[in-house]
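Hello,

Here is the structure I promised to pass on. Please have a look at it first, and then read my notes below.

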Amino acid sequence: MPPKRLRRRSPSDSAPMAGERFKRAKLAGSDYSAWGWVGSEVTDVSEISQYHRLAACGFSANGSYPLCTNKYADTTPPSPSKQNTNRKVIHGELEDDIIVISDDEGLSCDSKTCRNNPYCLNHLGQDKWEDEDRALSAFMKRSNLGENPIYLARDPGSPIGLKNLGATCYANAFLQVWFQDLAFRRGVYQCQPPQESTQQFEESPIFQLQVTFAAMQESTQNTFNPVKLVESLKLRTTEQQDAQEFSKLFMAHLDSEFQKQSIPGLKSLLADQFQGKQVYGTLCSSCKTRSERESEFLEVEVNIPKNNAKLEDRLSALLQPEELSGDNKYFCSVCNELRDAQRYTEFRELPPVLHVSLLRFVFDLQTMERKKSKNAISFPLTLDMNPFLGPPNSRKITNDQGKNHIYHLRGVLLHKGSSAYHGHYEAQVFDVQNKSWYQFNDETVTKMESLFPTLKSAAPKDKPLPSSHRGRTKKKTRIDDSDLEILEYVVHVTPYVSSKDAYMLVYARENASDKQSPAGPSSTKPLNVISGCSTSPTHSVIPQRALEVVNAMNGEYDKACDEYGEKENEVKRQFERKRRIVMDIYRSWSLLIVVQDSSVVSRQALEAWLGRHLAKPPKPSEGSKGKQKNLLTLSEDGEGCTISNEDITCEHGSLDPGKASDMKQIRKSASQRILEQDRAEFSLMLEPINVCDQCTRNAFSERLYQIQHPRIVSHFDAVGQVEDEDQLSHWISKAWLKDWRLNKPKMHESSRPDPPPDDPEFAKHVRCEHGGLTTNTSTRKRVSPEGFKILKELFPDWTTLTSDDEVCAVCQALLHISKEDKREIRRQAEDEKAKLKHMYEMTTMNPTIPVVGEPCAMIPAQFLRSWKQWLFRPTELQRPQGIDNTIFLCEHGDLIIDPNDPADIEHDVALIQRRDYEVLEDLYPCGPLIQVESHGDDLSHVIPVCAECRRARKSSFETTEIVVRVLRPSDPVPTPETYTEDDPVPDEPRGKKPFPITYGSRKVNGLRQSKRIQQSSGQVKRRKVTITRDMTVKELKMRLHDELNIPTIYQRLFHRGQEIEDNAASLVSFGVISNDVLDLREEAEDVDLIGSGDEETRKPADEGRAFGGTLLGGGDISETRNTTISSSSSRQESPALEPLEKSCPACTFVNPLDVLACTICDTVFYTDS
């Protein structure tokens, strides 16, 4: 099959398009680049003129850089004439078919194209000044006016936030809830100071609460700082506390303050507002006798044992009676014997404001800690408490004695976080004035468009639903910025809110005349928070003293706003002046012609000058931007500045042509205006004529080389090859020629000529040391006479050898002699190996183990190693010089090493037979003889050991090795008396075989040891460790921790029986010498801290001090928690904050203080008396 023929491409359309314009300069070929004159007009540095120096920086009159029009200049371009739609015919051709060559063409000017153009001044940051609003904002920010206090102004009619002082969110959440209770707020306002202690009253918590409420009502700022209230309560701002506990203690404190007031209604305000009554009773199943006791409560506590529980179901479970039977029978006083009974709880009276406490924090008996329950609970918007009031048989009656117990949700306290010991409290509260829901997150207050979304229409209760609607699942809708969810039941009218973080619910009772629910903005009629009280805030009269404090704060805030406004106006006036000056300068600083008087300024310096009024100079640590800080230095007063051009100048103080891309030309008059009008000065005023001559010459030489060198190499490659072997040629270094033929040779240095082929680095490749032709043909190469001529013109002083020259006769003779010498050296090595065959075989084994009873000689181990290496490569390595045993002798002529110490002779000494030593004496210079002989356990030697010199030698080390001996748990603790360098052997009881260590036996006091202790209970381990002279004990222990996995706190080190305890001291200070031995004993872990099994020991969480030490914790907190607020009659008989009741330790029933046994279970109360 013939190959497939490709389709011929159509010719490219290279002809000009109709109407296309061409630059006349391009047609004339007069495009003049910055260095276009190199190699063409100028071929020698002496020919460089001022004209060429200007061209090198792009300042030439016929250069390639155009004069860009200043697009910020105050010139209005003429309106373009209307385009004539009639197409004129010229000499028989349409006008659009004519190619127009014109100099008036629109030049493209953008930041990328004109970055290197010295005549373009359009992209230096002028846009920041053109946008007045943006420039003013940056100028204001640079002026350091601080935050505008007007941004802290309160929105009209909106509630305000409370500042979190660290961990006081629990108090802020309750303050927002209490503030919306108008009756409570009015009661706080009505508290008056005693006449004799006015000053003390103003420091009390009740007065600071008045100020806080007054600020929340009348403050002109959107946030209030309750620091005075927190200080009066002596709360610790860095400790998170329980919000419920804070509520109880603070209410008890307020109740004691209300008792001191003369207004009768204040004495019972808290009881009338928040306190309800409940009954604890027991019903005997036989005689139907009831034993009841009435008690007061401030809040209803509801537990959440399961997820997705409903509030009504939990209230029903709370009131569910308990059957007492079997071992738990009740002793009936009427029957006078144990009987089956029923224990019950009933609500008898409900307060106007009902607090429902959700028991989020429960106690875990396994971990013995508190934890937070994340079970979700659903609670309604409207709560009907009629089914939960009174005896069970009457709870279904809607109205009890004409009272309606319908409650509406007024607040939700949230605890965000997964732990019971830390988290964040927030509140969602219904504002009675705006009839809207708000979310309070300390300082942040967010209006909720609707607490509940628009609900789907549901069928009436009295009308049965069709079967298709029965059993329909519920739909959840999450509220923004909250964990609340709305449960929309198709079969119910009342919506439910589901929350996993709800901590307390606040419900307010509805008046009989008010039936509306605060579902959202659609509510038009305000709901009374308290039955019979108006919700209008105008009825809450603020005390004069508190109002004065708030008015003073508002006055200070207004003054701060006025002062800020004056400063802002002054800064704006300064901005207008600076903007006018800067804009006038940059709108007229562009050159109109190239030859106009101008100054050369760094582009980065101009950018820094344009931005100096709008931004602070960057710091040097800000990377590359730090360069601008050196180019613009502010004066001490910040008004003037010094502009530096150091980034465009050379070492000679002139314009560097190599940095021409960073140069900009501005009018001379513009630079003078910068100096005079903007209080700036140039550290070095430069003009175009200041181009550095020396730098231009250096750059010219380098560019000329880059142009000419490839041409010369190309010419050389064409004629430099030797084609005929008999042709006369010249020798040259092959390495030099390979490098020189590169486009940019590695040997080339800028502004310096290349080294010639006979440079000392390359001359040895051709000539030998005798001046003749070298014998190594791989380092030289032949070039033709034409190639030689080219190189000779470049390097006139170069001389070389030709192909007719003979190889150096001396080198050839030496090469022949060298071969004979190598053969002789090999024969010598073989002879020594045969004569010292036994010593050669010993080198493959341990040379320090002598034969028992055989006389031996001591030699340096380094000689033996060198001799063996020489035997393997005799022609490459040098033969050992001889044996010098003086290194083993001290100045007294004794040994400085102990032949019986393995650490002394392990690396430095070799023991050979005496007959081998005699052979070595014939072959090498040896001496003096150190003779030793083995007797089995030790070595005898004629020359004694000098102990003093030996210790001095072992102590004078910089780096050495020591041996760390890891003792076993059964080994005794080392002492100076029992120390031995031999491994200790544990004592075994006589008559009893050592039993194998098993997993079950690895215990300490019945507890299993860790795996690390198990692994270390075998044989004694020795580990060599490299140390330095300055190493401390701590550093050694850390290294042992890395190598042996033994924590440093469990390490005990011993040196010759003495324990090393100072971790900061050096090892040398304890007498540790080279090759010394240290004993390491690992102490077992404290068994009291080790749990049985593999479970980790958990430290119980710190419960903290709670409110101990604060004003609220003045008494016993355990008793204060059980304290309830009594009615007005009982309060007059009992002092404030005294416990009125006591809990039974068996059944937890709250009993009066005067009873001797529990009313419910008859448990006897024991007293100290």
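Below are my notes on cysteines, a helix and a surface patch.

This is a predicted model, in which local features need pLDDT of at least 70, side-chain atom pairs count only at pLDDT 80 or more, and totals for chains, interfaces and linings use all residues. Residues are numbered from 1 along each chain as its sequence is written, and side-chain values use heavy atoms, leaving out hydrogens and water.

Cysteines first. With a disulfide taken as a pair of cysteine sulfur atoms within 2.5 Å, the count is zero. For Cys-120, the closest cysteine sulfur is in Cys-109 at 3.5 Å, too far for a bond. Likewise, the sulfur of Cys-946 lies 3.4 Å from its closest cysteine sulfur, in Cys-949, which is too far for a bond. Cys-120 is buried at 2% relative accessible area, and Cys-946 is buried at 12% (buried means under 20% relative accessible area, exposed over 50%, partly exposed in between, with a 1.4 Å probe and protein chains only).

Next, helix α5 covers residues 169–179, and 11 of its 11 residues are buried, so this helix is largely enclosed by the rest of the structure. Among them are Tyr-170, Phe-174, Trp-178 and Phe-179. Helices here are DSSP runs (H or I, at least four residues).

Finally, Asp-127 sits in helix α3, residues 127–130, and is partly exposed at 46% relative accessibility. Asp-127 joins Asp-131, Glu-132, Asp-133 and Glu-576 in a negative surface patch (patch residues have over 30% relative accessible area and no salt bridge, with like charges joined within 9 Å; a salt bridge is a side-chain nitrogen of Lys or Arg within 4 Å of a carboxyl oxygen of Asp or Glu).

Best wishes

Definitions and conventions:
Patches are made of residues with over 30% relative accessible area and no salt bridge: like charges are joined within 9 Å, nonpolar side chains (Val, Leu, Ile, Met, Phe, Trp, Tyr) within 5 Å. Accessible areas come from the Shrake-Rupley method with a 1.4 Å probe; for residues, only the protein chains shown count as cover. Lys and Arg count as positive and Asp and Glu as negative; His and the chain ends are not counted. The place of a charge is taken as NZ of Lys, CZ of Arg, CG of Asp or CD of Glu. Helices (H or I, at least four residues) and strands (E, at least two) are DSSP runs, numbered from the N terminus.
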